[in-house]
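Hi,

Here is the structure I promised to pass on to you. Have a look at it first, and then read on for what turned up.

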Amino acid sequence: MIQVFYATAPNELPDFESALSSMPTPIRDYVNRYHYFKDAGLALTSRLLLQHALRTNHLADNLLEMILSDNYKRPYIPGCPDFNLSHTGNVAVCAFSTEGRVGIDIEKIQPIELDDFEGIWTPAELQFIQHDHSRFFYYWTRKEAIIKADGRGLHLPLQLIDVSKDQVLLDQKSWQLQELFLLPGYKAHIATDLPALLPPVINQVNLF
């Protein structure tokens, strides 16, 4: 089963400090590396969502103290179901999979210099986007979900990964893509290596 949890980041410093004080030391140290309140708030929110996912699945909070990063800096907890985190704007998401690997990406639709990203698309994708920001983020979140599920991230050549279909073959491994409809003004996708991607269970969480 795949679960998706999402929440907005704190707007007020007291809410942030109260939530941060409840987290284990490794999480507090991680969050405190950020210099700006907005970035720290999003980092904290994503970890609080992971904590919520653990509790929802009857797993212990102290697993948060065991988060490691692999050679490509992908976070994982040894012996724990796979998870993946993303954030944008003032929203964070956590995908939690009790079977198979999972990747998730969410982006706020906003103006950007689309020409700066021409080199990451296949010709078919580039033709579809045609300087449309909504279409850009539709495809961008698909690529991000795939490379985050795979684990190698931007070490993979994005222009060679065709995400025009919901089934993507990457280095002879098949991945399934599904769009998530979480909030207006955002695009989000989830990817998994499960042979059939059932609709994930989506939960909006009130953290603050």
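Let me start with one side chain: that of Asn84 reaches the backbone nitrogen of Ile104 at 3.0 Å. Please keep in mind that this is a predicted model. The side chain of Asn84 also has a polar contact with the side chain of Lys148, at 3.5 Å. Asn84 lies in strand 4, and it counts as buried because its relative accessibility is 4%, where the cut-off for buried is under 20%. Leaving aside residues up to four places away in sequence, Asn84 touches Arg74, Val93, Cys94, Ala95, Val102, Gly103, Ile104 and Lys148.

Next, the sheet around that residue. Strand 4 belongs to an open sheet of 4 strands, in the order 4-5-1-10 and with mixed pairing. Strand 4 (82–88) and strand 10 (201–204) each have a single partner strand and stand at the edges, so one side of each is left without a neighbour in the sheet. On average, neighbouring strands of this sheet are turned by 15 degrees against each other, direction ignored.

Between those edges, strand 1 (residues 2–8) pairs with strand 5 (residues 91–97) over 7 bridges, in the antiparallel sense. If you want a place to look at that pairing, Tyr6 stands opposite Val93 in strand 5. Helix 3 (residues 37–56) lies across strand 1, strand 4 and strand 5, and runs at about 30 degrees to strand 5.

Now for the nonpolar residues. In soluble globular proteins, nonpolar side chains tend to be buried together. Here the largest nonpolar core has 26 residues, of which Val31, Leu44, Leu49, Leu50 and Phe96 touch the most other members. At least two residues of this core come from each of strand 1, helix 1 (13–21), helix 2 (25–31), helix 3, strand 4 and strand 5. Which element gives the largest share of this core? That is helix 3, with 8 residues.

Leu50 is a good residue to click on: not counting residues up to four places away in sequence, Leu50 touches Leu64, Ile67, Ile77, Phe83, Cys94 and Phe96. Another core, of 21 residues, lies apart from the largest one, and its members include Ile129, Val163, Leu170 and Trp175.

To recap the two residues to open the file on: Asn84 is buried in the model, and Leu50 is among the residues of the largest core that touch the most other members.

Happy browsing, and best wishes

Notes. Residues are numbered from 1 along each chain as its sequence is written. This is a predicted model: local features need pLDDT of at least 70, side-chain atom pairs count only at pLDDT 80 or more; totals for chains, interfaces and linings use all residues. Side-chain values use heavy atoms; hydrogens and water are left out. Two strands pair if DSSP finds at least two bridges between them. Axes are lines fitted to C-alpha atoms, for helices over the stretch in contact, and angles run from 0 to 180 degrees between N-to-C directions. Contact means heavy atoms within 4.5 Å. A nonpolar core is a set of buried Ala, Val, Leu, Ile, Met, Phe, Trp, Tyr and Cys residues joined through side-chain atoms within 4.5 Å. Buried means under 20% relative accessible area, exposed over 50%, partly exposed in between (1.4 Å probe, protein chains only). A polar contact is a pair of N or O atoms within 3.5 Å; within protein, one must be able to donate a hydrogen and the other to accept it, and residues adjacent in sequence count only if both atoms are side-chain atoms.
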